[in-house]
Amino acid sequence: MTTRPLARSLAPLPEESLPGLLLRLAYRLDRSPARIATLCGLSRHQHRLPAEYFIDLPAEATKALEAAASLRVGEAAALTLSAIATAYQPLATLRLGGSRNMASARRTWALSLSSRYCPNCLAGDGSAIQNAYGGPWRLRWHLPVSFACTTHSRLLKQECPQCGGHPNRPSNAERQGLITQRAIAGLHPAQCRHHLASGPAGASGHSPLCAAWLDQTACVSERPESDLGMMLALQRRIDRHLTPTKPSPTTSDKYSAPEQHFFPDLIAAAQLIRLSWPDSARFAATTILADRIARHMATWTAFREGCSPGKRVRDAWAAPEDPAECGALLLAADALLGDRGQDGPALRERIQPLTVTAFTRNGAHTGAAFRRMDVSPDLARALAQRSLGFNRAGGHHHAKQRVPSRQCHFGIEHVPALLPEGWIRAHFGDLTSQWSTRDVWNPRHLRRVASLKLVAMAGGGAWPQCAEILGTPWITAQRSLTVLKRSLLPGNLWPLLDTAVETVAKGLDADTLRVDFAARRRALSTWQIPIEDLAALTAGLVRLTNVESPTTRTAATALVWARVTQGDHLHSPAIEALRKAQQSTKPVVAAIGQLQTPSNRRGARLDFLQRINDYADGLAPGLH
């Protein structure tokens, strides 16, 4: 069916929303918004205007609207939030379809179907067309991060001054869509479309319309007070990120984070301010701003506590509705973030006390909710709950939990399963000097835990995930951690371990010729020492028994693997193959033990072990 052009149309105003244009067209043509939508090919069942049209228009609806309203190509799409979605990440991740997803949009700060507004903007700019049909209902007013009008230096409004209704928030009997009371004609776009709540319950359809003018509270711009000035400055920065431009090489915004994380970071910080209040009150710049947040918190807390026990509070994570409260909260969040990307350790020092408070006071799902947020690596590191330098293990294992605990130039592939003994001697002397000579196994546990901590630095994750990356069994990693905690914590020696591992990390960062231990592990995953090479290694060692047995070959293979990869021979592929085949590993482990036991390192055994080490050192350079 071909869409006929309307008898008279209007050109969209800058930043105008789709419902705003429909309201102006309806007023000009003296028809209801529902009728205009039908003529423009936008209505669905029962003349509904789907809320999804706020975000994007289907191709068929786009063509019909362009034809009916005589719009140029691209003007219809510009009436939706699709253009902003590339810059505003909560919109980009929103799934369309159904009222349930609109509730999700409120929780994730993606959008609000009810619009805030600036009375000055609605009053128009003095042009003939805006004097007649009003100024624009702006798209960005539907974003929770829009709380002020920088053009008129004022906070936005969210309620009708007469009835207290919120623009485009329907009554309980009406399903929310683009325009509330869409079947009513004759109202100016700047008039309230709500019924006055004067009649008995259920009689709202017969109660009089409010029809109050929302543009009557327009005010003359004056020099803003300090609090408003700070909020306007933040709103300008937010607006710049909603319309990103290529940064000039000669200028920089010291506050700006990478584009893809600016809004997720700001929203996550705002949630943390709320969940840790009043501990977070120090990040409110003034007493007035703190009072505004406190007022919001009183309402927010009452709302959460008013729900029945065990019931999930659906809108508990939604943005504050009041623009002044929202602006104050976002200002505190921005202060909490500080110079993003410039002070990672300082950011964690600010964030962690609030995180502990927030996660302690609130439900177990709170930590998981933060982990699901696609925030910047710096903020993710700051938010992560840690125990002894590792991200705490917990449920919901997914990629966003694997946040590196520091910025590293080396990768997880450069970390061996056991830290080389030379590194231990070079960097861990302050720690190992505290141990008794009887603690013969502590150095091995130290080598394993130090490697786990390096993986956490470079790749993130809880310690079981770090162990998995290195091919270390979970129970083995747990045993090493238990031994070290028992040895180091009573004497407060764990900071010495952290300091030494940090020194190793700095050395790896500076090293330009790092060893790819992961590549070595892959290359030797199915390798066995060739028989002729084994024969050369055992030549002349007449006192070495069973030199040609399969046990000797397996033991030599495991020892070469351990030397090349700096791994534990007990977890080598050769010994794991025996376990998989349900064969005993005791003969091989005993043979290796005889070679490595200090009291046995003499004669033929010492010569054989030295030959194996030299062989491994010659093999290693060709494996990465």
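## Exercises on a predicted model

Of the 624 residues in the protein, 50% are buried, where buried means under 20% relative accessible area, exposed over 50% and partly exposed in between (1.4 Å probe, protein chains only). The model is predicted: local features need pLDDT of at least 70, side-chain atom pairs count only at pLDDT 80 or more, and totals for chains, interfaces and linings use all residues. Residues are numbered from 1 along each chain as its sequence is written, and side-chain values use heavy atoms, with hydrogens and water left out.

**Exercise 1. Describe the overall make-up of the protein.**

Step 1. The secondary structure comprises 28 helices and four strands; helices (H or I, at least four residues) and strands (E, at least two) are DSSP runs, numbered from the N terminus.

Step 2. Consider contacts (heavy atoms within 4.5 Å). Among those between residues at least 6 apart in sequence, 71% join residues at least 24 apart.

Step 3. The protein exposes about 30200 Å², and carbon and sulfur atoms supply 52% of that area. Accessible areas come from the Shrake-Rupley method with a 1.4 Å probe; for residues, only the protein chains shown count as cover.

**Exercise 2. Characterise the packing of helix H25 against helix H27.**

Step 1. Helix H25 spans residues 550-565 and helix H27 residues 586-596; their axes come within 9 Å and cross at roughly 60 degrees. Axes are lines fitted to C-alpha atoms, for helices over the stretch in contact, and angles run from 0 to 180 degrees between N-to-C directions.

Step 2. The crossing of H25 and H27 is right-handed, that is, the near helix is turned clockwise from the far one by less than a right angle.

Step 3. From H25, Thr551, Thr554, Ala555, Ala558 and Leu559 take part; from H27, the partners are Pro587, Val588, Ala591, Ile592, Leu595 and Gln596.

Step 4. The residues of this contact divide into eight nonpolar, three polar and no charged. Ala, Val, Leu, Ile, Met, Phe, Trp, Tyr, Cys and Pro count as nonpolar, Asp, Glu, Lys and Arg as charged, and the others, Gly among them, as polar.

**Exercise 3. Determine how many disulfides are present, and examine Cys149.**

Step 1. A disulfide is a pair of cysteine sulfur atoms within 2.5 Å; by this rule the count is zero.

Step 2. Cys149 is in no disulfide, and the nearest cysteine sulfur, that of Cys121, is 3.7 Å away.

Step 3. Cys149 is buried, at 6% relative accessibility. Cys40 is also buried, with a relative accessible area of 0%.

**Exercise 4. Locate the unusual backbone geometry.**

Step 1. Most residues other than glycine have a negative phi, and most peptide bonds are trans.

Step 2. The peptide bond from Trp277 to Pro278 is cis, with omega near 10 degrees. Pro278 lies in the loop between helix H11 (262-275) and helix H12 (287-305).

Step 3. Ser153, not a glycine, has a positive phi of about 50 degrees; its loop lies between strand S1 (148-149) and strand S2 (154-155).

Step 4. Gln582 has a positive phi of about 60 degrees. Gln582 lies in the loop between helix H26 (573-580) and H27, and is exposed, with a relative accessible area of 75%.

**Exercise 5. Describe the surroundings of Ser276 and Pro90.**

Step 1. Ser276 lies in the loop between H11 and H12 and is buried, with a relative accessible area of 0%.

Step 2. Leaving aside neighbours within four places in sequence, Ser276 is in contact with Leu354, Thr357, Ala358 and Arg361.

Step 3. Pro90 belongs to helix H6 (residues 89-92) and is buried, with a relative accessible area of 9%.

Step 4. Not counting residues up to four places away in sequence, Pro90 touches Thr108, Trp109, Ala110, Phe263 and Ile267. The C-alpha atoms of Pro90 and Ala110 are separated by 4.6 Å, although these residues are 20 residues apart along the chain.
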